[in-house]
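Work through the two exercises below with the sequence and the model at hand, and compare each step of your reasoning with the solution that follows it.

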Amino acid sequence: MKTRVLAAAVSTVVLTGTLSGCMTVHGQNAVVPATTEAEAQKVLDGYVSTANKALAQHDLKLNATVERGALGEGSQAYIRTLRALDPERKQTPQPVKVKDSKFHIPQQAGWPKFFVVDTASNVEQNADSGENRLLLAFTRQSVDERWKASYQAVVAAGDVPEFAEDEDGHADDVPMNEDGGLITAPGELSKAYTSYLGSGKGDFADGPQTTGKREKRAKVKPRKGARTEFADLAANNKIYAPFALRTKSGDALAFFTMHQHTKQTVAPNIGIRPPVRPGAKALLEGEAKVSLTEVFVLQQLVRVPTVENKSNGIVFLAQTAQRTAAKGE
């Protein structure tokens, strides 16, 4: 059975110090580490334990206590699908285990704050490149919130870069709305990718998620009585915040979200209906007599080059698409 990969949630921290008494730094204006490594380990351990339990028990509420954003939305839909297809919980996903975890914790001011975990896990290995690594992004929106996982990505170990660090050993993040010398700011990645899929123009390197996806869609030609349409939507950064860390080479590794709608339509009264896969049927609203619209949330992990290395383009390291809704008409 395939291992259901868990994700990570970005984090923040409260620092205490003494200056004429006890003082708490909330991180709204002060530049402080997002968390400590010891606390990040606790967050990771608690997340893995709770997320595994939520999947095994098909528990939506429990899952919502440890995940948010694109990852949380995808997991909620996945659990609803499990409930519909396996109501007696006979095929629970294999629990995820992690080891050899490395924590990349930036110093930041303002919210949200985040950190990234690079860990070995019991996910399936890549036959070509050897061991995979599981990258998790943890976040929280305020000092009073608990950490929640917002992104996950499985990456070949050889594709995980060395991350840049400051003099204190903390990771160097690239703020959402600043390009930091990169060809695209993290907060613009979703719009840029959506635009590229529509026009083929943009600073993206060739690959399965770029040229490959456009070529695959181009082959889906309308046929007599039936057609398939695609619509790509940029994510709202307030709900699906992107996160990026600088690498030692000067580029950045960035997580971001986008949405995709796929609509299959057949002409009425021709004796066929749009095909409805089991996963879509489990989430289906209405009856797919002449059309079926499926909604997906996509998590991306990309390497964004500097302006000086623009010719390299934005390279996809991982992409996960999770069906979150289906509507029939």
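In the counts below, Ala, Val, Leu, Ile, Met, Phe, Trp, Tyr, Cys and Pro are taken as nonpolar, Asp, Glu, Lys and Arg as charged, and the others, Gly among them, as polar. The model is predicted, so local features need pLDDT of at least 70 and side-chain atom pairs count only at pLDDT 80 or more, while totals for chains, interfaces and linings use all residues. Residues are numbered from 1 along each chain as its sequence is written, and side-chain values use heavy atoms, with hydrogens and water left out.

**Exercise 1.** Describe the lining of the largest pocket by position, by element and by residue class.

Solution. A pocket is, on a 1 Å grid over the protein atoms alone, an open set of points where a 1.4 Å probe fits, with protein on both sides within 12 Å along at least five of seven lines; lining residues have an atom within 4 Å of a point.

Step 1. The largest pocket has a volume of about 610 Å³, and of its 26 lining residues the closest to the centre are Lys-216, Phe-230, Gln-260, Thr-262 and Arg-277.

Step 2. Two or more lining residues come from each of helix H5 (211-218) and strands S10 (226-234), S12 (252-266), S14 (291-304) and S15 (315-328), where helices (H or I, at least four residues) and strands (E, at least two) are DSSP runs numbered from the N terminus. S12 gives the most, with 5 residues.

Step 3. By class, the lining divides into 11 nonpolar, 7 polar and 8 charged residues.

**Exercise 2.** Locate the partners of the salt bridges Asp-100 with Arg-133 and Arg-277 with Glu-294, and state how buried or exposed Arg-133, Arg-277 and Glu-294 are.

Solution. A salt bridge is a side-chain nitrogen of Lys or Arg within 4 Å of a carboxyl oxygen of Asp or Glu, and the whole structure holds 12 of them.

Step 1. Asp-100 and Arg-133 meet at 3.1 Å, N to O. Asp-100 lies in strand S5 (residues 98-104) and Arg-133 in strand S8 (residues 132-140), so the pair ties together parts 33 residues apart in sequence. Asp-118 is linked with both in a network of salt bridges.

Step 2. In the bridge between Arg-277 and Glu-294, the closest N and O atoms are 3.8 Å apart. Arg-277 lies in the loop between S12 and helix H6 (278-283) and Glu-294 in strand S14, so this pair ties together parts 17 residues apart in sequence.

Step 3. Buried means under 20% relative accessible area, exposed over 50%, and partly exposed in between (1.4 Å probe, protein chains only). Arg-133 is buried at 7%, and Glu-294 is buried at 3%, whereas Arg-277 is exposed at 52%.

Definitions and conventions:
Grid points are joined across faces, edges and corners, and a volume is the space filled by probe spheres set on the points.
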